[in-house]
Amino acid sequence: MNNSKTLSSSPRERLTVLADSFKDVLKMGQKYVDLVDQLAQTEDPQEMLSATSQLVKLDLQNAFVDFPQHYQAADYYLIFMGRLLEKHGIDAVQVSENVRHEFIARIEPIADSDSFKFMVNGDEAAFTEQGEQEPLFYLDLKNRLMQFDNRALVNYFIVRALTSHSDLDLRNAVKPLIAFANELQTDLDFTINLGILNTENGRSFNLVQPDLDLTVIDQLFVATAENDYMLMNLPKNNGAQLVLDQGIKLDIAFDPDDYSQQWFFAVNDPTAQVSFFDTLLHYHLIRKWYLDNRSALAVRSDKMVLAPDEEESDEYVEPTEVFTPQVGTLEEDGDQHDE
Amino acid sequence: MIDEKHENKAVDISSLIERQIAAKIKYLQELNEAVDAHHDREVYQLLDNQRYAKEIEHREQQPNNQGVMSLVNDLADQLSNYLSVKLIKYLGKTYPFFYYEEYQTGHYRIYFGNWWDRRQFGELDVLNVRFSFDQTEYAKLQKSFELAKDNKRYNSDRIEKISSENDRLQGLIDHQREREEERQSVESQLEEINARSGLFESNKNKETRQELVDQLQKLEDEEQEARTASKTIHENEQVVLSLSKENTILSYEQKSIIDTFGSFEDFELANRNLYADYLASLEGGNSEEGKVSADEQ
């Protein structure tokens, strides 16, 4: 396509160059069709991932053949998610195409109110709620990373969705997202970070603020007087423990042997089935206290960030403007990576 | 010793000494054996025979032999430490909300509860099997049980008073604009009046002017207070928080007592009977371990 070069060539050479260019483009078109086919047909998660990874990078723009850009990168991420869940028999996430040929996801049992789409930014795609643009989790196919955003989880589920849905419905809505993360881990060896959705005992979530004014804990203590839960002192005076139902305990504590006194939340329960997120969702006492004191109590998102790969950065294709992530709208009050 | 009458001094003084020494040796031997076998009930009997006879055997008028008992006076702290092991284990079951800190050998501070904020509640008198409650703290608890009958809490009145003061201060802050408008209007009225006042000012004019000056002063006072109001509100909120905290501590304490004893009266009754109940639980010395584990089941 270099004009100065083609001008100096003979007609025969020029035709050959043109034919070669067409061949390349058609080859690319064939590859595109094959990848779409693969993503649609395969039952092998590795092949789903491989097809998706290539499709999201494929640029069909060229001077010779006008391929209609039917779907965008964001759509392939969503189709990939839908296909992987489908393979595992999870049908709570419904992926469908709207009139603008965009794929959107709806999640049972909150399908009637909210929809989700991926927002692509470089190698990372954020599964984003469309109303308030909350990026619930980030997916990085190239580096095989999947991580939830604690801040967005609180903003979307605890602050907003809870006004129109029951805690039980929202817990059910979160389940397929956790299932997707677990499938990525088991089928495709992804590194996953469930954040505050993690139910394992012993998981702790550090607060953003380096210090905690103890009067904030006093407020929780005072609030417990109105109900049956008790706030206990931890044995080494390193924080407090809220004793909830069925042996569930929420700690707001620091490691007594750590001079930095980094405060954290941790939930322990006999069956390791309750997350910090669940306690926020279920207990009005905790939710109100947490949201009233959110600037003091917000937990960190601890998002893994990989150093950009210099060599491949040139191949990166800027997504069309429809998919430019609207980072600005995410920063409602401060650093978006901090919950 | 003084009570005993001995007419024949020459013979009896040495036999008296022998008898007394024998009694002391016997006492020390019995105590030694009881301690050795960890027969705490017997130890308690030896340490206060009078009380033991009265409260356990229901025999009145059994005087203590101070002459032998005083032998171990200087071991009080060690004996207290020794006897505390079983006693605190027993109290752990019967008074599950009390916690103890041995701040020096044989001396125990009582803490009420292990919750976020708790009170030091007095001391445990191990040798006498008795709580020695801090009277100020105890009175608060007693008072809050009384108030609970009227659905009130210990600091409710004070909290209410401070809260309404905060509402008033917030009102001052919220009405700053109205106050400013009023001030301007009063000032311009005052200017008008001042223009009309001369050497021969009417009384009515004087009165009105004084009223306006007073009004202006009141507005300025309010403005002055409004300037520091948000700081005062914040300070008051901290006071309310600490008062609420005390309310919460008291409500935890009440809840614990009700959960364990049913009522404050039953709690007090248990305190009065603690010595008898505890020693009874020790079952004469040998089988107390069996008793404790039976309780656990």
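These are my notebook entries on chain A and on the interface between chain B and chain A in a predicted model.

**Entry 1: chain A overall**

I began with the secondary structure of chain A, for which I noted eleven helices and twelve strands. I then looked up burial and found that, of the 339 residues of chain A, 47% count as buried. For the contacts in chain A with a separation of 6 or more, I noted that 60% come from residues 24 or more positions apart.

**Entry 2: the hairpin of E1 and E2**

I turned next to strand E1 of chain A, residues 93-97, and found it paired with strand E2, residues 103-107, in the antiparallel sense over five bridges. To fix the register I looked up A:Ser96, whose bridge partner in E2(A) is A:Ile104. The two strands form a hairpin with five residues between them, and I noted that A:His101, in the turn, has a positive phi of about 60 degrees.

**Entry 3: strand E12 and its neighbours**

Why is strand E12 of chain A, residues 264-268, largely enclosed by the rest of the structure? I checked its burial and found that four of its five residues are buried, so the enclosure follows from that count. I then looked up the pairing of E12(A). Strand E8, residues 204-206, runs antiparallel to E12(A) and pairs with it over three bridges, and within this pairing A:Phe205 has A:Phe265 as its bridge partner. Strand E11, residues 249-253, is also antiparallel to E12(A) and is joined to it by five bridges, with A:Leu250 standing opposite A:Val267.

**Entry 4: extent of the interface**

How many residues of each chain are in contact across the interface? I found 14 residues on the side of chain B and 18 on the side of chain A. The area buried between the two chains is about 1,400 Å², and carbon and sulfur atoms give 68% of that area. Looking at which residues of chain B supply its share, I noted that B:Trp116, B:Leu241 and B:Tyr252 account for 51% of the area that chain B buries against chain A, more than any other three residues.

**Entry 5: polar and charged pairs across the interface**

I looked up the charged pairs next and found two salt bridges between chain B and chain A. In one of them the side chains of B:Arg153 and A:Glu226 meet, at 3.5 Å from N to O. I also recorded seven residue pairs in polar contact across the interface, both residues being at pLDDT 80 or more. As for composition, the residues on the side of chain B that touches chain A divide into five nonpolar, five polar and four charged.

Terms used:
Residues numbered from 1 in each chain as written. Chains lettered and ligands numbered in written order. Predicted model: local features only at pLDDT ≥ 70, side-chain atom pairs only at ≥ 80, totals over all residues. Heavy atoms only, no water. Contact = heavy atoms within 4.5 Å. Buried area = accessible area lost by both parts, 1.4 Å probe. Salt bridge = Lys/Arg side-chain N within 4 Å of Asp/Glu carboxyl O. Polar contact = N/O pair within 3.5 Å; in protein donor to acceptor, adjacent residues only side chain to side chain. Nonpolar A, V, L, I, M, F, W, Y, C, P; charged D, E, K, R; others polar. Pairing = 2+ DSSP bridges. Buried < 20%, exposed > 50% of the residue type's maximum accessible area, 1.4 Å probe, protein only.
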